[in-house]
Number of protein chains: 2
Amino acid sequence: MTDLAQQVLDGDRRALARAITRVESTRPDHRHDAEQLLAKLLPHTGGSIRIGISGAPGAGKSTFIEALGTHVIDAGHRVAVLAVDPSSARSGGSILGDKTRMERLARSPGAFVRPSPTRGTLGGVARRTREALLVCEAAGFDVVLVETVGVGQSEVAVAAMVDLFLVLVAPGAGDELQGLKRGIMELADVVVVNKADGDLRRAAGSTASEYAGALHLMRPRSEEWTPRVVTCSAIEGTGIAEVWDAVEEFRASTGATLATRRGEQAKEWLWSEVTGSLLDRLRADPATATLARKLEADVTAGRITPGAAAHRLLDEFLHPRPG
Amino acid sequence: MTDLAQQVLDGDRRALARAITRVESTRPDHRHDAEQLLAKLLPHTGGSIRIGISGAPGAGKSTFIEALGTHVIDAGHRVAVLAVDPSSARSGGSILGDKTRMERLARSPGAFVRPSPTRGTLGGVARRTREALLVCEAAGFDVVLVETVGVGQSEVAVAAMVDLFLVLVAPGAGDELQGLKRGIMELADVVVVNKADGDLRRAAGSTASEYAGALHLMRPRSEEWTPRVVTCSAIEGTGIAEVWDAVEEFRASTGATLATRRGEQAKEWLWSEVTGSLLDRLRADPATATLARKLEADVTAGRITPGAAAHRLLDEFLHPRPG
């Protein structure tokens, strides 16, 4: 792991890919290696701006990431693209699994696009992506984009690991706005209305106004930054510079508290790891898992209170009978 | 506990108060009693409509609950009022601690207003309120109002224990809407704009329109019910009947899936109990608690990854060294 760590720090791209594969592995011996590796890399992390990008299918997410990534590389940065997509575990598909996506960006020497999906539960996927993010930072990438689909709870997990959360939407009338997943707007630091081109140019403008109105109804997440709405056309490349300007303004406005916020995120991450791992170990214990299934059924049917059921489950898990 | 359970089932009001006190206690021996008591009462629970009521200070929450409660009692129901207010643990105050609040309702033989606050962490307070709700149902109350302040995470906890979540707001211009806590609107099944009287009557109407517009931007929580906005004046008593009509329509629309939703809520409650209790026990273990404080500091300062820190913490907790 010491060699691999050094190769990652030297910017060896294949070592980077291998390191992320190791971090993503759920095998216990790999987990041990991953922790050693991360311990070596940790002093060299923290040097990127971490950007979460969420967008429902149809918002043009991969075209947008390609356009933004290319713009950012042209401005002298190095860009890594990761993904949190627990849905891929079910569907077998992946938001980054399609090789033809982001082809141009993936070929750029300034970019690293992680093509394979991380699989498993949201908690597991999120943990491995957070750690992959650290590996990318250690490898010298100073912009990390963490992509996620605009459905489910993965946005909350991504927002908890990034500095800035960007929501990408397509122009649409009220009907489409209604389809916006609850809660996503509340995480947004920047809303980007994509596809402001051709027939949709006018619709993009009014969609932007609607989102500005919706954001106006919400309390900003921080005192330092008021969420803003930008329109762009990823296909034509218009507005992409303005999106990046918004990111840089965000960084300038919030830079003073960055270390504090990241420290808080890391502490929350610790406790979510502790919680997740405790539940994993509880479920991995055969006797406890059997009892859990029975108690779940009893609780659902109203035969026992959740409090009493939890009590019995913990007694089984923490004080197993001998034999 | 068998006697106390029988007295609760017989509708003895002092027994009800004693039973809730027992359920609220954090003493381990009381906890044991409480579980026995709840086991006896459980077959007699489930007969109420469970309504969460959230409102920021200034929305007129106690006046509204008094007006709604009185209306509902006049319609032949029996009403219990509980509260989730973890903030009272810090401030020493309580949303239900003021004896002069809901005086009229509290004197009514059809009402039970729990005057004392439950104290402690949100998880603990929420658990005890969920169990108090079951006790009230066993005592024959067929409407249970669970009040919470419109700040913090207590709304999410209350929404997870009720059938219908009602958000009370005061008329206000855009500035006040902005102050609305993120996330509350997304939990709302019914939004009530209070104080639609005197000088504020017109403002209440336009506030109602604004909230209707905001709700329109969100996907409904269920297919069976589209959230609606009602205006009322709790002081004048106008619109209160319309609020209750909305509750009854909600019940009619969602009745078919009530058992399923409550079963899901109970299962989620089981796992949140398991998680909360596991963390409680982890923190109650002196060696683990000491290590946790050290690791929290290390993680915040970036000296160790949260994943590795969690690993060490769990090894300490689950496999203590002999000695």
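In the predicted model, V193(B) has T231(B) as its bridge partner in strand 7 of chain B. A second bridge into strand 7 of chain B links V191(B) with V229(B). Both belong to the pairing of strand 6 (residues 190-193) of chain B with strand 7 of chain B, which is parallel and extends over 4 bridges. On its other pairing, strand 6 of chain B is joined to strand 5 (residues 164-169) of chain B, again in the parallel sense and over 4 bridges. Here L166(B) is matched with V190(B), its bridge partner in strand 6 of chain B.

The side chains of strand 6 of chain B fall into two sets: V190(B) and V192(B) point one way, and V191(B) and V193(B) point the other way. All four of these valines are buried. The cut-off for this term is a relative accessible area under 20%.

These strands are part of an open sheet in chain B, made of 7 strands in the order 3-2-4-1-5-6-7 and paired in parallel. Strand 3 (111-113) and strand 7 (228-231) of chain B form the edges of this sheet, each pairing on one side only. From one strand to the next, the twist averages 25°.

Chain A also contains an open sheet of 7 strands, with the order 3-2-4-1-5-6-7 and parallel pairing. Its edge strands are strand 3 (111-113) and strand 7 (228-231) of chain A, each of which pairs on one side only. The average turn between neighbouring strands of this sheet is 25°, with direction ignored. Helix 2 (residues 13-24) of chain A packs on the sheet, where it touches strand 2 (79-84) and strand 3 of chain A. The direction of helix 2 of chain A makes about 30° with that of strand 3 of chain A. Within the sheet, strand 1 (residues 49-55) and strand 4 (residues 143-149) of chain A run parallel and are joined by 7 bridges. One of the bridge partners in strand 4 of chain A is T148(A), which is matched with S54(A).

Two residues of helix 7 of chain A were examined individually. C136(A) lies in this helix and is buried, because its relative accessible area is 0%, below the limit of 20%. Leaving out residues up to four places away in sequence, C136(A) touches L16(A), I20(A), A80(A), L82(A), F112(A), F141(A) and V144(A). By contrast with these contacts, A289(A) is 153 residues from C136(A) along the chain, and the C-alpha atoms of the two are separated by 37 Å.

R130(A) is likewise located in helix 7 of chain A. Its relative accessible area is 9%, so R130(A) is also classed as buried. With residues up to four places away in sequence again excluded, R130(A) touches M161(A), W269(A), S272(A) and E273(A).

In chain B, L4(B) was considered in a similar way. This residue is found in helix 1 (residues 2-9) of chain B. L4(B) has a relative accessible area of 7% and is therefore buried. Apart from neighbours within four places in sequence, its contacts are A15(B), R18(B), A19(B) and L37(B). The C-alpha atoms of L4(B) and L41(B) are 10.0 Å apart in space, with these positions 37 residues apart in sequence numbering.

The two chains meet at an interface in which 59 residues of chain A are in contact with 58 residues of chain B. The size of an interface is often given as the accessible area lost when the parts come together. For chain A and chain B, about 5,400 Å² is buried between them, 64% of it on carbon and sulfur atoms. Across the interface, 2 salt bridges are found. One of them is formed by D315(A) and R281(B), with the closest N and O atoms 3.6 Å apart. Polar contacts between chain A and chain B number 4 residue pairs, counted with both residues at pLDDT 80 or more.

Several helices of chain A give two or more residues to the side that touches chain B, among them helix 3 (28-41), helix 7 (122-138), helix 11 (201-216), helix 14 (286-300) and helix 15 (306-318). Helix 13 of chain A gives the most to this side, with 15 residues.

Notes
Residues numbered from 1 in each chain as written. Chains lettered and ligands numbered in written order. Predicted model: local features only at pLDDT ≥ 70, side-chain atom pairs only at ≥ 80, totals over all residues. Heavy atoms only, no water. Pairing = 2+ DSSP bridges. Axes fitted to C-alpha atoms, helices over the stretch in contact; angles between N-to-C directions. Buried < 20%, exposed > 50% of the residue type's maximum accessible area, 1.4 Å probe, protein only. Contact = heavy atoms within 4.5 Å. Buried area = accessible area lost by both parts, 1.4 Å probe. Salt bridge = Lys/Arg side-chain N within 4 Å of Asp/Glu carboxyl O. Polar contact = N/O pair within 3.5 Å; in protein donor to acceptor, adjacent residues only side chain to side chain.
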